[in-house]
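Look at the sequence and the model shown here. Some questions and answers on them follow.

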Amino acid sequence: MKKTFLCLLALAAVWSGVSAQELKINDLDYFETRGLNVLVYSNRYSPVFFDEKNAGIEIIHHGVRTAIGGAVRLHNTPEQWDLVPEIRDRTIDRATNTISAVLRYADFDFDPLLKVTPQGRGFLVQVWLDKPVPAALEGRAGLNFEFLPPIYWESNYMVDGRPGIFPRYPSSDVYMRPLGEKIQQIYDHITFDDRGHGNFPEALPIAQGNTFVLAPEDPEHRITIRSEAPIMFFDGRILAQNGWYVMRSLLPAGQTGKVMEWYMEANTLPEWTREPNIGFSQAGYTTAQEKVSVIELDKLDTPLTTATLMKIEADGSEVAALIGPARTWGMYLRYNYVTFDFSEVREPGLYYIRYGDTRTNAFPIDNDVYQGIWHTTLDVWLPIQMDHMTVNEGYRIWHGTPYKDDAMQAPTNHRHFDGYSQNDSTDTKYAPFERIPGLGVGGWYDAGDFDIQTGSHNRVVGDLVLIWETFNPSRDMTYVNQKTQYTDLHHPDGRGDILQQIEHGALALVAQIENVGHAVRGIVVGNLHQYHHLGDAGSITDNLPYNPNLAPYETDGLSSGTRDDRWVFTNRNPGSDLSTAAALAAASRALKEFNPDLSARALTCALKLWNDSQEYVATLLAPPAPQTGAAPAPGRRGGPGALVDLGLQMWLATGDEEFKRLFEENLWKALDENNVAETRRGGNTTAYGPLVSGLRAYPHADKAFRDKLEGYARAYKKNSDEINALSPYGVPMGGRGWAGNTPISQWAGTNYLINKYYPGVVTRQDVLQGMNYLFGTHPYSNLSFVMAVGVKSKNVNYGMNRADFSFIAGGVVPGVLFLQPDFYENQDNWPFIWAENEAIITDAIPFIFLGLAAEEMTR
Ligand SMILES: [Ca+2]
Ligand SMILES: [Ca+2]
């Protein structure tokens, strides 16, 4: 075996004569050659979600990120919540063309050094140790690399010359080990439900050898790995559907120095350039609107000087409608951009764009392209997310009624795995694990993980009321029955769907205040083996309240001995109380006639939260403490901004002048404190939240208020323009940690409100530009980010049906995720990257608003 290995090394030395293929560290500190990038810890593991499959040594192969997770790992097939190394140190050494990283597993005092150095046509990955592998990690610590399964589906591999087929679906072997041998997962949570057997599964390799070639038949994706230590091939999907293909070699016991070396070689196509990505709106354009395609080019591609808009007639014949200049925009991150303006084409019809040999799919130009553009999101996506409901569509049940056993008090001093925690107090009258009654009502999944996040619910209810009060949409395509907990799609019931959704959100929030006494952080499953649920949420729990007098898995038909009821994280947060009060005050207005009883209860709850918060409000109103170098007092965190929306919503709900004063005084303070267009970080809506509140007050305000607000609207427009000019897309790009579609929708929606009251300040185009972006004028691809809306949209999203590589129509995905140092990505063959593909409720509602705005503006 060793002899073969040496021969192959000699062969590699011959190939290495092709110097054009050599990887070099570029200005952005990653290895680059034409068609190939190797990133060494440019991206790190998440401190909250751990292994997001965005960290380690990563390979961008012909423009697509196909391999990740190059690291010393402790498992054959690491799951999201298995221990991840910290990165203690990362060194770029240009003199030796080496990037190295010191990894650390603190639990084992284990600090392997990883070194990556180009050699010949490939690169070496080495593991160096000061001390031998700790005894507890012998046979556990290994050099791993993970490969994206769909890239290698329908192709083969070769291990030491023997062929094999990449498994399209996982069915390789596993074996069970006693639980005592399990390396703890994050915070001692556990992903595997052992049903009381005290064991856990571990994957066995599919193949093993010293030379492993992925896809020998496919020059675009062929990768060769050679190692003196055997390389094992595992299918990570056997334990977790979001697992990747794993290549792994175990580190030897009892050795120090260079203990492992892989030679890796990713084949590159000669003179490869990435196919142009012609960005345009998959929803099409109105005849009068601005129409600019943004064409994303490989930086080595020679830009063409023209592009063509082709018109397609009913008989299939084609004619050039416009040959226009492809104007240089320039470099943005890793690509070069040109734009093609075809605004002058106003004749309704079907068109496509041709740029060199690349052509887009056909799309419409017509005056009604935005009419009803929001219907799928309201009619299909949002009702499917309804918690505490059976949701039916035609012949299909999307899910049964989930969480009939909601919910129990979370234990004290508990650190949960999804960002929740409970301190040493419950802040309620309930004991840990005691049932809190009345919570099995209302709310929405959020969204891939089925929890009730109160903060998101506040925003959704507030945004739905904004939609109701701005556009008054009476659309009724959904049957909702709260009494029988049954929702039926495409089944009008004589009641407006927006109001039914506001009611559904208000029911969940009111239930918290009435039964807990204040707003809670959220309601979520307590066991990690429940949390990663895929499919119908109606089966996450047994829907029977927990009964400690029964044994686990035993039931008397009314209760159960399995402690699977969701937990309520109840620590009181006055900032959260205020935003819940604002949402409930807003809901009380919208529901006044629709559901008078719930409307009154919502207002009572809002006033209770307000009255309970006076001490906290005083800290918000106090002048800022002089800077002492210490962290700001926690009470100041929200600043006056926390009172703006609260004051507005309470004023509009009660007519009380006290609230009007509270709103106005804090509005100007908040607008002065915040750079109102500071949206580029993505997800930060508080900065322009006060401006939206100000605009909402416009119809109720006097001339002095309106004139003063106009100044801030102008400042917002100026700042937005500066941010938007940073990219060729003309929108506030974000996307660090979580992709940026929500702030882009909100920015465009805010522009609608400004245009409505101050038409000279922003144009209609500032609204429609948000639509152009969401519908395909964006980096990476030109698919619509609104599932099933537009001619071509994304094929997968991170929803309840993600394991089926499917989507839920009308959902809006987060969009392009920024990966350090220069790569925007939105995978469409792999739904599991949530920061790109998880359609969430707080993204859907701003899109409905924007859709109604575009519909009205172009009617
Ligand atoms: Ca209805
Ligand atoms: Ca239960």
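Q: What covers the buried residues of α13?
A: This is a predicted model, in which local features need pLDDT of at least 70, side-chain atom pairs count only at pLDDT 80 or more, and totals for chains, interfaces and linings use all residues. Residues are numbered from 1 along each chain as its sequence is written, and side-chain values use heavy atoms, with hydrogens and water left out. Helices (H or I, at least four residues) and strands (E, at least two) are DSSP runs, numbered from the N terminus. With contact meaning heavy atoms within 4.5 Å, the cover of the buried residues of α13 includes α11 (657–673), α12 (689–697), α14 (741–757) and α15 (764–774).

Q: Where around the axis of α13 are its buried residues?
A: Buried means under 20% relative accessible area, exposed over 50%, and partly exposed in between (1.4 Å probe, protein chains only). The buried residues include Phe705, Leu709 and Tyr712. Their arc, taken from the directions from the helix axis to the C-beta atoms, is only 155 degrees, so they lie on the same side of α13.

Q: Which residues of α13 are exposed on the other side?
A: The buried residues, among them Tyr716 and Ile723, lie on the same side of α13. On the other side, the exposed residues are Lys703, Ala704 and Lys718.

Q: Is Thr478 buried or exposed?
A: Thr478 is one of the residues that coordinate the calcium ion (ligand 1), through its O atom. Its relative accessible area is 2%. Thr478 is therefore buried.

Terms used:
Chains lettered and ligands numbered in written order. Donors = N, O, S within 2.8 Å, 3.2 Å for Na, K, Ca; no water.
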